[in-house]
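User: I'd like to go through this structure and ask how each label was earned. Could you set the values against the cut-offs for me?

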Amino acid sequence: MNRTSRLMAVGALSFFAGSQSHAGTNDDPLSDEVSIVLTPTRLKQSIADVPGSVTVITADMLDKYGVRSVPEALRLVPGMQVTQLSNSEYRINYHGTNIHAPRRLNVLIDGVSAYRSAFARVDWTALPVSIDDIQRIEVTRGPNSASYGPNSMEAIVNIITKDPHATDGAALRVTGGSRGQREAYVRYAGSLGESTRFRGSAEHSENQGFNQVTSFGHLSSFPDHDAAKTNRFSWRSTTELTPRDQLDVQLSLVNSDQEQIASDQYQTTFPDVRLKENDLSVTWRHTVSASQEFRVQAYQSEHKNREAWIECVPAFAFLPELGALWKANPDYVRAIIAGVQPRGGTAQDNALALQALLAIRLRGAAALQTTCGDANNDYRERRRDIELQHTYVVSNSLRLVSGLGLRRDEAVSQTYLGGTVANTTWRAFVNAEYRPFDSTSLNAGGFYQKDKLTGSSVSPRLALNQRLNANNTIRFVVSRADRMPDIIEQRADWSYLTTNMTPPINSSGSAYFAQTAQAAGNLTAEKMLSREVGYSGNFPQYGLMLDAKLFDDEMSRLISERLTLDSFNPTNNGEVRLRGAEVQADLDLANGWSGHAGYTRLNNRSNTPMERTQYSKNSALLGLARKFDSGWRAGLSVYWASGEPGAQSRYGRQDLRVSKSFRVGSRATVTPVFSVSHLSDRLTSAVYDVDRVLVNGYSDSTRFAASLRVSY
C-alpha cells in the first residue's frame, strides 16, 4: 500500500469511528426514495414487484460519495462498464460489449431522451442537467424496450430532477481541484403568483483532463490537450392550472468546448469540438379521477456540433479519377497509395486504375505536393416529439398504462450525409400489472415502433413476481428488445470537402477527398432475447435490501463494425451471448451508517472480437458512509473492474469525501467539502479503433478537490 492509500485508509477509519455499530430500530430504514420506482413499467411499483433489476441512485448518495457527474454516478451501478477515453469522451455500456459504438443504452431526463438517434450516441459530459439538480437516477439493469422503445436495448438510465415544490430559496457552490478543476453553480427556487413554482440554475465547469492521451497505432502522444469547458442553464416550473390540471415546463441550454486529439495522420490542427444544445419540453397532466390520469408531453431538442481542423494531404488524393476508382474498388486505391501495382479486380476496375495512374503521371511532381485546407465533421440534429400516455387503475388487482407517440428526427451534415436526412417514427405501447393473488404479480407489455428508414419492430415482455413472504420475492422475466439502425448507418453519404486550399489544386481552391462512403440502407434492427431469474429481499431489522439475479442475454443481428471512411461496411452479422450473475446490496442504519455494494460475474461469448472490446469478467463496487450528529459526514467509495487482455485494462479507484455543515443565522447553511480520489493504476488503456489502443492517465495517481456550498 503506497503512502496515499495509507492516508486515505487512516482518514476513512478516523471519520467512520464512533459508537459501536448496531442495527437500527426503525421499521423501514430504506424509505420510498429507494424502494418505490417508476422506470421499469411507467407505473409506480415496489422494487419487489418490478419486472427486472433496478439500481436507484439518490441525491443523498451522490452527495455522500462525492459524485460530480452523471457518468461517474453510473459507476455505482453493478455491471455498468464506464470507460473514459478522454476528458470529454465516455464510452458507457451495461455489461460492456462494443466499446466503439455504445449505442444500446437509453438515457432519459424527466422523460426527454438524451439519446441522439440520428447518430446513436449520448454526449455524456454535456448532458443538459447539473448533478446538483438531480433528485434520483433510476437504472433498469436489463432490456426495457417494452416500455421505452428499441433504443433501450441493454438498459435505461432515467434521470429525475428536483421538483420545484421540493426546493426553495437560493443555493451556491464553488469547487476547485487538481488539473485545473473549477466549477461554479447557482440556483434559485421560488413562486410566481399563487399557482406556479419554479427552479432556475446555472453552472460553469472546466478542467484540464488527463495529463496525457496517447494513441498507439497511428499517432503519438498529446500531453495537456484534453481540456473541456461547459456552461449549463436549466429552468423548470410547475403550474396548477386547475385542481385537476398541472403544466410542467422545462428549458435547458448547454454550451461546451472540448479539446480532442487528432484522429488521422493528415490533421495538422486538433479537431476540437464546439457543442451547443437547447431543449424545451412541456408536459400537461390531467387527473380524471383517483383511478385515471392523462399525460401529454411535447418536446423539441436541437443539437449542434462543430468540429473543424486543418489537414495537409498529397494533391493526388483529391483527383476525381482516384475518387471514381475508390467507389469501384477501394483496395486498388490503397495499393496505389502504397506504391504497389493494383491487381485482381474486374476489367472495369483495371480501366479506372489506368485512368487514375495516368492522371497522377500527367500532374508530375505536383501530384505529390502537399496541399493544406479546412475540413470538418460538423453536424446538426433536431428532434420533435409528442406523446400521449394514459394510466388507469382498473381494480385493486389490475393497473394499465398505455400510449401513442410521434417523433421526427432531422440530421444535417454535408460531411456525413451530403445534406439533410429525416426520419419519422410512430409508436404505441402498453404495460399491465395484474395481481391474481396477493402474493403474485404478473407484468406484461410491449412496444411497437415503425420508422421510415428501417421499418417496424415489436418488443414484448412477460414477468412473474412471486412473494415468498412479506420481505422476500423471486421473479422470472423474459423479454425481447431491439435497437433500430441510426441515420448514418442507413443513409450515410460520407465525404470530405477541403476548402481554402494552399496551394490550390484548381481554380475554386476546394476539392473533395477521394475516399467516400455510402450506406447500402439494407440494415435491420438489432435483436436481444433476455431471460432473468431474480431475487429481492428487504430486511428492515438489519436496514438491508438485497437484489440478485442470474441472466442469459442473446444478442443477434448486431451492427458490430467500426464505421470509418476507410472501412464503411455495416452488416447485421454480429452475435453475442452474455451470461452471468449479479448482486446488489443497500444498507441504512439508524446510527448514521449507510452502504451500497455490487458485484457482477460476466461471461461474454461472441462471434467477433469487436463485441469484447469493453469487457470485464469481474467487476465490483463498494460505498460506505457515516453521518454524525455534529454535522460531520464522510463517505468512502471503491470501484474495480478486471478488464480483459487485448481489450481494456483493469480499473481501480478509491474516493474519500469529508464534509461539515454549519448553521449561519436562522436560515443559512454553509458546508465545506474536501475530497480525494486515488487511481490504482495511473495509466489505463482501451481499444479506440481498429488496431489502435488509447492510453490515458495523470502524472500523479491522486487528485484533490475542495468545495464550498451555501444554501439559504
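User: Are phenylalanine 119 and tyrosine 416 buried or exposed?

Analyst: In this predicted model, phenylalanine 119 and tyrosine 416 are both buried. Buried means under 20% relative accessible area.

User: What makes the pair of phenylalanine 119 and tyrosine 416 edge-to-face?

Analyst: Two values decide that. The ring centres are 5.8 Å apart, and rings pair when their centres lie within 6.5 Å. The planes stand at 65°, and over 60 degrees counts as edge-to-face, so the label follows. Phenylalanine 119 lies in the loop between strand 7 and strand 8, while tyrosine 416 lies in the loop between strand 20 and strand 21, so the pair ties together parts 297 residues apart in sequence. Phe119 and Tyr416 also belong to one aromatic cluster with Tyr379, Trp494 and Phe568.

User: Why is the pair of phenylalanine 429 and phenylalanine 447 called stacked?

Analyst: Here the angle between the planes is 10°, with the centres 5.9 Å apart. Planes under 30 degrees apart count as stacked, so the 10° angle settles the matter. The two rings come from strand 21 and strand 22, 18 residues apart. In total, the count comes to 13 aromatic pairs.

User: How do you know that phenylalanine 429 and phenylalanine 447 are buried?

Analyst: Phenylalanine 429 has 4% relative accessibility, and phenylalanine 447 has 2%. The limit for buried is under 20%, so both qualify.

User: What sits over the ring of phenylalanine 429?

Analyst: That is the charged end of arginine 42, 3.9 Å from the ring centre. The distance limit is within 6 Å, and arginine 42 meets it at 3.9 Å. Another such case is arginine 667, which lies over the face of tyrosine 712 at 4.9 Å from the ring centre.

User: What makes the contact between arginine 42 and glutamate 387 a salt bridge?

Analyst: The N to O distance is 2.9 Å, and the rule asks for a nitrogen within 4 Å of a carboxyl oxygen, so this pair is counted. Arginine 42 lies in the loop between strand 1 and strand 2 and glutamate 387 in strand 19, so the pair ties together parts 345 residues apart in sequence. With relative accessible areas of 10% for arginine 42 and 6% for glutamate 387, both residues are buried.

User: Why is arginine 467 called partly exposed, and what is its salt-bridge partner?

Analyst: Arginine 467 has 24% relative accessibility, and partly exposed covers what falls between under 20% and over 50%, so the term fits. Its partner is aspartate 49, with the closest N and O atoms 3.4 Å apart. Aspartate 49 is buried at 8%. The pair links the loop between strand 2 and strand 3 to strand 23, across 418 residues.

User: Which residues are joined into one network by shared salt-bridge partners?

Analyst: The network holds Asp60, Asp63, Lys64, Arg633, Arg657 and Arg709. By the same distance rule, the count of salt bridges comes to 55.

User: Why is strand 34 described as largely enclosed?

Analyst: Seven of its 10 residues are buried, so strand 34 is largely enclosed by the rest of the structure. Strand 34 pairs antiparallel with strand 33 over nine bridges, and antiparallel with strand 35 over 10 bridges. Tyrosine 639 in strand 34 is the bridge partner of leucine 621 and also stands opposite arginine 653 in strand 35.

User: Why do strand 3 and strand 7 count as edges?

Analyst: The open sheet has five strands in the order 3-8-9-6-7, with mixed pairing. Strand 3 and strand 7 each have a single partner strand, so one side of each is left without a neighbour in the sheet. Within that order, strand 6 and strand 9 run parallel, joined by five bridges, and valine 107 has valine 157 in strand 9 as its bridge partner.

User: How do you know that leucine 253 can belong to a surface patch?

Analyst: Leucine 253 has a relative accessible area of 38%, and patch residues need over 30%, so it passes that cut-off. Leucine 253 forms the nonpolar patch with Phe233, Leu251, Leu280 and Val282, about 360 Å² of accessible area together. Strand 15 and strand 16 are the elements giving two or more residues to the patch.

How values were computed: Residues numbered from 1 in each chain as written. Predicted model: local features only at pLDDT ≥ 70, side-chain atom pairs only at ≥ 80, totals over all residues. Heavy atoms only, no water. Patch = residues over 30% accessible without salt bridge, like charges linked within 9 Å, V, L, I, M, F, W, Y side chains within 5 Å. Areas by Shrake-Rupley, 256 points an atom, 1.4 Å probe, with all protein chains shown as cover. Salt bridge = Lys/Arg side-chain N within 4 Å of Asp/Glu carboxyl O. Helix = DSSP H or I, 4+ residues; strand = E, 2+ residues; numbered from the N terminus. Buried < 20%, exposed > 50% of the residue type's maximum accessible area, 1.4 Å probe, protein only. Phe/Tyr/Trp six-rings, centres within 6.5 Å; stacked < 30°, edge-to-face > 60°. Lys NZ or Arg CZ within 6 Å of the ring centre and 35° of its normal. Pairing = 2+ DSSP bridges.
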